[in-house]
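Biologist: I would love a close look at a single part of this protein, explained in plain terms. Could you pick the sheet and walk me through what pairs with what and what packs around it?

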Amino acid sequence: QINGLLRAWEWSMTRRIAGHGGLICVSKTVAMATAGQLGLAPACLKVIPNGVDLEVFRADRRGEDPRVEWQLDPGTPLVYHVSRYLESKRIDDFMEAASIVTRRWKGIGPSPAFLNMGGGPAHLELFYEHKLSKYDRAVRIRLEGERLDLARLLPWGDVGVMASENEGCPNTILEYMAAGLPMAVTDIPPILELLRAGQDAL
């Protein structure tokens, strides 16, 4: 009941702010959803996408190869999924995809290692750890939790994945792009505002 009251208050304040100068939204998708939920005219909303610091997130490899830390063979492909532990991020889909790719792997050298980087609620961390325990040990999936050195790790990767079912303007996509990572992502509208399917990502 308290959460419901807070939500109602939040929407009321948002409508008042919009009426006195407009709202800033991070994507067209968010702007359309906000306008529909609050009954606002499009003129009340301005889209300013998120951005990343290109001095921090860049494509050059710095420091030690993280494969050393993770005790992986030098040629191991690294597949990254950067997301917090939230159900909407579909980490379980990432795990299942990792299992399928490992079973079908016919490349030269070791099969890929799949790493999820991002923290979140303890109960979801336990949920994903339990789910991970059910996969064959040949499927190399790691739950790395929050990594403060993400900007250093990304350029060492081979593929960046985003499996989310909804987003606003995902910083992860921008960080992958800045790091020069090829991407495999879900084709939801906020992502398609940033990427062209088949050209910028799969």
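Modeller: Happy to: what follows goes through the sheet strand by strand, with the helices that link or flank its strands. Please keep in mind that this is a predicted model.

Let us start with the overall layout. The sheet is open and has five strands in the order 5-4-3-6-7, with parallel pairing. At its edges are strand 5 (140-145) and strand 7, each of which pairs on one side only. Ignoring direction, neighbouring strands of this sheet are turned against each other by 20 degrees on average.

Now to strand 3 (residues 78-82) and strand 6 (residues 159-162), which run parallel and are joined by three bridges. If you want to find this pairing on your screen, look for Val 79, whose bridge partner in strand 6 is Val 159. Another pair to click on is His 81 with its bridge partner Val 161, again in strand 6.

From there we can move to the edge. Strand 6 pairs with strand 7 (residues 183-185) in the parallel sense, over three bridges. Here Gly 160 has Met 183 of strand 7 as its bridge partner. To get from strand 6 to strand 7, the chain passes through helix 7 (residues 171-179), and this β-α-β crossover is right-handed.

Helix 7 deserves a pause. Seven of its nine residues are buried, so helix 7 is largely enclosed by the rest of the structure. The cut-off behind that step is a relative accessible area under 20%. The buried residues are Thr 172, Ile 173, Leu 174, Glu 175, Tyr 176, Ala 178 and Ala 179. As for what they touch, the buried residues of helix 7 pack against strand 3, strand 6 and strand 7, and also against helix 6 (150-153). Just after helix 7 comes Gly 180, with a positive phi of about 75 degrees.

Let us now visit the other edge. Strand 4 (residues 113-117) pairs with strand 5 in the parallel sense over five bridges, and Ala 113 stands opposite Arg 140 in strand 5. The link between these strands is helix 5: the chain crosses from strand 4 through helix 5 to strand 5, and this β-α-β crossover is right-handed too.

Helix 5 (residues 122-132) also has a helical neighbour. Two packed helices are described by the angle between their axes and the distance between the axes. For helix 4 (residues 91-104) and helix 5, the axes come within 11 Å and cross at roughly 15 degrees. Helix 4 is therefore roughly parallel to helix 5, since angles under 35 degrees count as such. The crossing of helix 4 past helix 5 is right-handed. Helix 4 contributes Ile 91, Asp 92 and Met 95 to the contact, while helix 5 contributes Tyr 128, Lys 131 and Leu 132.

One last residue to look up is His 130, which lies in helix 5. His 130 is partly exposed, with a relative accessible area of 49%. Measuring C-alpha to C-alpha in the model, you would find His 130 and Thr 76 at 25 Å apart in space, with their positions 54 residues apart in sequence.

How values were computed. Residues numbered from 1 in each chain as written. Predicted model: local features only at pLDDT ≥ 70, side-chain atom pairs only at ≥ 80, totals over all residues. Heavy atoms only, no water. Pairing = 2+ DSSP bridges. Helix = DSSP H or I, 4+ residues; strand = E, 2+ residues; numbered from the N terminus. Right-handed = clockwise from strand over helix to strand, strands pointing away. Buried < 20%, exposed > 50% of the residue type's maximum accessible area, 1.4 Å probe, protein only. Axes fitted to C-alpha atoms, helices over the stretch in contact; angles between N-to-C directions. Contact = heavy atoms within 4.5 Å. Parallel < 35°, antiparallel > 145°, perpendicular 65-115°, else oblique. Left-handed = near helix turned anticlockwise from the far one by under 90°.
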